[in-house]
Amino acid sequence: MRDLVDEIVPAHRDVVRRGDGDAELIAVTARRRYDAAVSDVWDAVTDPARLARWFAPVSGELREGGAFQVEGNAGGEVTACDPPHGFTVTWGGPESVVRLSLTPDGEGTELALEHSVPVAFAGSGAGALYVGPGWDIAVLGLALFLRGEDVGDPAAWEGTPEVAGYNAASIAAWSEVVRASGTATPEEVDGAVAAARAQFTPDAVG
């Protein structure tokens, strides 16, 4: 298999702190352009049969007001849905919100995935390192799927050395973004990097 680390560059990352008081949030965003029409990308991120081939099996009602569960991961509710432009879901709890938007870009599509949580929950922008690498591997899996590159069982694929190498590069990329954002202290970033390595590259850490 070719070196997946080359796939780090096409993904763009952002971390911001916004809002005031109890409504202050940390928002983590991953973006990537795909050489596929919006309708095709929308179908790939909403059709359970296609989701299972690049992301994970997802059960439940994938419609506004419906509840869902990602196998081996989080569940939540679909709070907004605007086909084929995007949707909003809760992710593991009502204050953890994921917004996905699809925008035409020439003959392709730009996907933006934002995961926001209250500052009181995230602590600082360093919290991006707990979720950013996971979303990076998701947008990579979608890219491979849309290009016709079958990863087989996504859960097994995520445990391969190739993906571990990608995850290590992803952690480094997210740490640079967090440091540049000014949303966390150097000590907070260092601690989050260590935790992310333990989570996403456990064999290397061990």
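The paragraphs below lead through a sheet and the helices packed on it, in a predicted model.

Residues are numbered from 1 along each chain as its sequence is written. Because the model is predicted, local features need pLDDT of at least 70, and side-chain atom pairs count only at pLDDT 80 or more.

An open sheet of eight strands (DSSP runs of E, at least two residues, numbered from the N terminus) has the order β1-β2-β8-β7-β6-β5-β4-β3, with antiparallel pairing, where two strands pair if DSSP finds at least two bridges between them. The edge strands, β1 and β3, each pair on one side only. From one strand to the next, the twist averages 25 degrees, with angles running from 0 to 180 degrees between N-to-C directions and axes being lines fitted to C-alpha atoms, for helices over the stretch in contact.

At one edge, seven bridges join β1 (residues 12-18) to β2 (residues 25-34), and Asp14 stands opposite Thr29 in β2. In the hairpin of these strands, Gly19 takes a positive phi near 90 degrees. At the other edge, three bridges join β3 to β4, where Phe68 is the bridge partner of Gly60.

Helix α4 (helices being DSSP runs of H or I, at least four residues) lies across β1, β2, β7 and β8, running at about 15 degrees to β2. Helix α4 also packs with helix α7 at an angle of about 40 degrees, with their axes 8 Å apart. The two helices are therefore oblique to each other, the word for angles that are not under 35 degrees, over 145 or from 65 to 115.

Methods. Heavy atoms only, no water. Contact = heavy atoms within 4.5 Å.
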